[in-house]
Amino acid sequence: MTCVEPLVHAADLPSGADLAVSDASDDIAACFVAFVVGCLGVIEAPKAGGKLGLMGNTSEEEFATVLLHLETLAQQRAAKIAGLPAPTAAGVCSERFLAALGNACTGSPQSVTELFARLPHDGSGRADLLGMFGMGGVLVSSSEFPSDYVESAVDLPVATDDAWHAAELRMDSPVQESHWEADAGAINTLRSRFLHQKEVAISAALISSIVARCGSRRPALARTALRALIELAEVQAPESVWSEAGEPALAACLGSLRVSKVVARVAESALAAVARRVAVDLSVPVALLALTARTSACAKARPPQPPAVKAGLQALAVLCASPSWSTLEGALAAHAAVTTLCEDVLKIKTLGPAYAEARALLHCLPSTMSAVDSGAASPGAAS
């Protein structure tokens, strides 16, 4: 197979680019950016960063992935110019590519680890690629907003007003699996907007539109929607918002556990975050009743859903550990509902994986029950 070298020509580099070898991290960063710009055949550094798909600063492992992607894109460009078939993508960067990169940046071949260590880093020790490519404050339109799963909204670009309005319209439209990329991009736009524009109002309708996408068969969309729920649950909102959207959100989190293991990890975090928000904004008994109802539905489903039931019981245990909830209005009903749920779970053989959680929850409920009884009896005693 013909080996195609990345094309890096002086004519491809930005005007006045300084490629002098230097040990200073800023100079090495400038050389690295110039190398990338040349490989990709673009004019501006932010465009090169966008073509690389940069969405945040990177760890060393992520930096290696970025370099591999860069080599692949450079080879594809070179093959296209030469009229040759595109080469097969490799699993790691080639030695020849790393040597060319090291020579361009430092004057000598560098390993990924060595080059990563010599680049500028942010406060968390990650390579400051967004800063190097001038993308820290780039405004991105709705059509260009990333549809990939991004763990933290801090790593998302800043959305324009037009992107925000387009995202709102997108979220108001019916859910279609074929439009998952547009939906994921819209949710990421909303996440960015909520982070940078604190005055943006949170509504039950908005949460419902996100909830409707939590069960998508596309892991990227499901995880993005669940991550948005986590972030929204951490922001204070009018009580009416979670009073209306709380239980459907809990149901969506439990339902998302069936999508995939990767999605399940985010779903468990979202379940805990939403339950906690309902407890704070409304009350612990209200949160217990809502979560018990949704977990019970998973237990009685045909067939039953052990992972969802197990996760629901774990979240209930956390709520039951909240101090002084047993004296609040609705505590007795919540206690009875949780008890019934645990007893029902223990009667269903297919829910064996959740038995331990059900027994543990029952074990901690008697002390709660005595508190409920004493709280209920105290008014009579006083009279």
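Helices and strands here are DSSP runs, numbered from the N terminus, with at least four residues for a helix and at least two for a strand. With that in hand, S147 is easy to place: this residue sits in the loop between β1 and β2 (158-159). One thing to keep in mind throughout is that the model is predicted.

**The chain as a whole**

Counting up the secondary structure of the protein chain gives 16 helices and two strands. The chain has 383 residues, and 47% of them count as buried. If you take the contacts with a separation of 6 or more, 69% come from residues 24 or more positions apart. As for the surface, the protein chain exposes about 18,300 Å², with carbon and sulfur atoms supplying 56% of that.

**Back to S147**

Is S147 buried or exposed? Its relative accessibility is 16%, and buried means under 20%, so S147 counts as buried. Setting aside neighbours within four places in sequence, the residues in contact with S147 are W180, E181, A184, G185, N188 and A220.

**Aromatic rings**

A pair of aromatic rings is described by the distance of the centres and the angle of the planes. The structure holds five such aromatic pairs, including the two in this table:

| Pair | Centre to centre | Angle between planes | Geometry |
|---|---|---|---|
| F32 and F133 | 6.2 Å | 80° | edge-to-face |
| F63 and F116 | 5.9 Å | 50° | tilted |

Why does the F32 and F133 pair count as edge-to-face? Planes over 60 degrees apart get that label, and these two are at 80°, so the pair is edge-to-face. The pair links distant parts of the chain: F32 belongs to helix α1 (residues 25-40), while F133 is in the loop between α6 (129-132) and β1 (139-140), 101 residues apart. F32 and F133 are both buried.

The pair of F63 and F116 has its planes at 50° and is tilted. F63 is part of helix α3 (residues 60-82) and F116 part of helix α5 (residues 112-118), so this pair ties together parts that are 53 residues apart in sequence. Here, too, both residues are buried. Ring pairs go on to link F32, F63, F116 and F133 into a cluster.

**Where α1 meets α3**

Two of the cluster residues turn up again in a helix contact. The axes of α1 and α3 come within 8 Å and cross at roughly 35°. On the α1 side the contact is made by F32, F35, V36, G38, C39 and L40, and on the α3 side by F63, L67, L70, L73, A74 and R77. Sorted by type, the residues of this contact come to ten nonpolar, one polar and one charged.

**G49 in α2**

V36 of that contact also gives a handle on G49: the two are 13 residues apart in sequence and 8.5 Å apart in space, C-alpha to C-alpha. G49 lies in helix α2 (residues 45-52). With a relative accessible area of 0%, G49 is buried. Not counting residues up to four places away in sequence, G49 touches L54, F133 and M135; F133 is also one of the residues in the ring cluster.

**A cis bond and helix α14**

Further along, the peptide bond from R302 to P303 is cis, with omega near 0°. P303 is in the loop between α13 (284-300) and α14. Helix α14 (residues 306-320) has 15 residues and spans 21 Å from first C-alpha to last, close to the 21 Å expected at 1.5 Å a residue. Its buried residues include P306, G312, L313 and C320.

Conventions. Residues are numbered from 1 along each chain as its sequence is written. This is a predicted model: local features need pLDDT of at least 70, side-chain atom pairs count only at pLDDT 80 or more; totals for chains, interfaces and linings use all residues. Side-chain values use heavy atoms; hydrogens and water are left out. Rings of Phe, Tyr and Trp (its six-membered ring) pair if their centres lie within 6.5 Å; planes under 30 degrees apart count as stacked, over 60 as edge-to-face and the rest as tilted. Buried means under 20% relative accessible area, exposed over 50%, partly exposed in between (1.4 Å probe, protein chains only). The expected span of a helix is 1.5 Å times one less than its number of residues. Contact means heavy atoms within 4.5 Å. Axes are lines fitted to C-alpha atoms, for helices over the stretch in contact, and angles run from 0 to 180 degrees between N-to-C directions. Ala, Val, Leu, Ile, Met, Phe, Trp, Tyr, Cys and Pro count as nonpolar, Asp, Glu, Lys and Arg as charged, and the others, Gly among them, as polar. Accessible areas come from the Shrake-Rupley method with a 1.4 Å probe; for residues, only the protein chains shown count as cover.
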